[in-house]
Amino acid sequence: MIFRSSQEASESLPPLVDGVVVLKGDMAFNGPGVLHGRLEGTVSGSHALVVAADADVRGGVRAGALELHGKLEGWVRVERGVVLEAGSELSGPLRAGALDLKEGAHYRGAVTVVPEGA
Amino acid sequence: MMLRPKSPKKVQVSCGACGHVQWEYEAAAGTSCRACGERIVMGAAASKKPAAKIRMKVERREIACCHCGHIMAVPAEAQSWQCPGCSSYLDLQDHVVAREHMTAIRTYGRVVVEAKGVAGGAKLECAGAEVAGRVAGHLASQGDVALRGEARLSGGAQGRTLEVEAGAKAEAGAGLDFDLVRVKGRLKARDIRTRRIEVADGGMLQAEQVRLATLKVEPGGWFEGRVETVEPEADEADAAGAEQTGPVD
C-alpha cells in the first residue's frame, strides 16, 4: 500500500479530478494525488497516484507508484510498485517495478514486472 | 454284557461375556460360547496370567485408496499396504530416480528425480516430489513439488505448492495446476493455473498464460506473461470438482 489507508490518502491528498467531473484529454501531476471521477485520456507524473474507488479512467497512466481502487481501462507504466486493491478493475498492458494484485481485484492483460532501472 | 467306555468327566462353564452356561469336558483347555461365540478359557489356562502385551506407538498417516477411495491409516514407515476396501496393492515407498526410468510411478511416498534422472513414464503420481532432472509424463502430486537445478516438467504438473528454488532454471512444457506457485529461481512455463503466485526478489517467471486470483511480485523480482484473474469461488469449485484423493487414474 502506498498510503497507510485509502481513507487517509483520500483525505490528505489533493484530488486531481473531482468525483463529478468528466475530463477528456491528457493531464500531468507533479505531486502525489488522488484521482476521482471520470477521465478519458492519459494521466502522467512521477509521484504516487491513487485511483479512487469512484474513478473510471480510460486511456493510460504513467506514475511513480499506483494504487488502484477504481476502474482503469488502458495501459499502465509505473516505475515502482502497483497495488491492485480488492474490487478494482484493470484491463490493459501493465509494466511496473513490483506488483501486488490482491484477491478480489480484476485484471486482464499482459504484465511485465522488471526491477527498477533494468 | 457289554462294557461301555467311561465318558470323560464334564463340568459346567459359564461365558464371561454373556453369562451362558454350558457343559464341557473337564480336560478341555478352552471352548467357544454356544450363545455368543466368545472364547472361554478353561482349566489351568484360565488361571494363567496372560502374557504382557508389548505396545509400540506407531506413527500413522492417512491415505485414500486410488482405486476405491477407501480412507485408511497406514504406518508411516510401511513400504506397501493392501487396501481393506478393494484389496489393491498400494505402493508407499519413496522413489529416487537417478537414471532413466521408463515406466510410470504410482506411489504414496515421495519421489526424487535427481539431476541426471529421467522419469520417462506417462505418469508420475506421488505424495510429494523434488525434481532436478526431467519428468516426461504428467506429474500429479498430492503435496508439494520442488524444482531445482535444470528441472524439466515436459508433461505438466499438478499439486498443492510448486516451489522453484533459488538458483533453479526450470521449464514446464505443459500446464501447471497448483494452489500456490512460489518462485525464487527461474521458471519458464506455458500455462499456469493457480490461486496465488509469489515471485521473490531475484526470482523470474515467464509464462504465456496465467490464470490466478492473486499475484505478488516483490521488488527485484521479474514477471512476464498474460494474466487473467479468476474468481476465487469459481476456482475453488473447479478445484473441488477435479480433486483427487489418491494417485490419479
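**Figure 1. Domain organisation of chain B in the predicted model.** Chain B comprises three domains: domain 1 covers residues 10-47, domain 2 covers 58-87 and domain 3 covers 93-241. The model is predicted. Between the C-alpha centres of domain 2 of chain B and domain 3 of chain B the distance is 26 Å.

**Figure 2. Overview of chain A.** Chain A contains 14 strands and one helix. It has 118 residues, of which 36% count as buried. Among the contacts in chain A with a separation of 6 or more, 10% are made by residues 24 or more positions apart.

**Figure 3. The contact region between chain A and chain B.** Contacts between the two chains involve 19 residues of chain A and 18 residues of chain B. On the chain A side, strands β13 (98-101) and β14 each contribute at least two of the residues that touch chain B. Strand β14(A) provides the largest share of this side, with eight residues. Classified by residue type, the side of chain A that touches chain B consists of ten nonpolar, five polar and four charged residues.

**Figure 4. Pairing of β13(A) with β25(B).** Strand β13(A) pairs with strand β25 of chain B, residues 214-217, in the antiparallel sense. Three bridges connect these two strands. Within this pairing, Val217(B) of β25(B) is the bridge partner of Leu99(A).

**Figure 5. Strand β26(B) and its partners in the two chains.** Strand β14 of chain A, residues 106-113, runs antiparallel to β26(B) and is joined to β26(B) by six bridges. Within chain B, strand β24 (residues 204-212) pairs with β26(B) in the parallel sense, over eight bridges. Arg226(B) appears in both pairings: Arg226(B) is the bridge partner of Ala110(A), and Gln209(B) stands opposite Arg226(B).

**Figure 6. The two faces of strand β26(B).** In a regular strand, side chains alternate between the two faces of the sheet. Strand β26 of chain B, residues 222-229, shows such an alternation. The side chains of Phe223(B), Gly225(B), Val227(B) and Thr229(B) point to one face, and these residues are buried. Trp222(B), Glu224(B), Arg226(B) and Glu228(B) point to the other face and are not buried. Arg226(B), the residue paired with Ala110(A), thus belongs to the face whose listed residues are not buried.

Conventions:
Residues are numbered from 1 along each chain as its sequence is written. Chains are lettered from A and ligands numbered from 1 in the order in which they are written. This is a predicted model: local features need pLDDT of at least 70, side-chain atom pairs count only at pLDDT 80 or more; totals for chains, interfaces and linings use all residues. A residue is buried if 20 or more other C-beta atoms lie within 10 Å of its own, exposed if 12 or fewer, and partly exposed in between; C-beta atoms are placed from the backbone. Helices (H or I, at least four residues) and strands (E, at least two) are DSSP runs, numbered from the N terminus. Two strands pair if DSSP finds at least two bridges between them. Two residues are in contact if their C-beta atoms, placed from the backbone, lie within 7 Å. Ala, Val, Leu, Ile, Met, Phe, Trp, Tyr, Cys and Pro count as nonpolar, Asp, Glu, Lys and Arg as charged, and the others, Gly among them, as polar. Domain bounds come from an automatic or database domain assignment.
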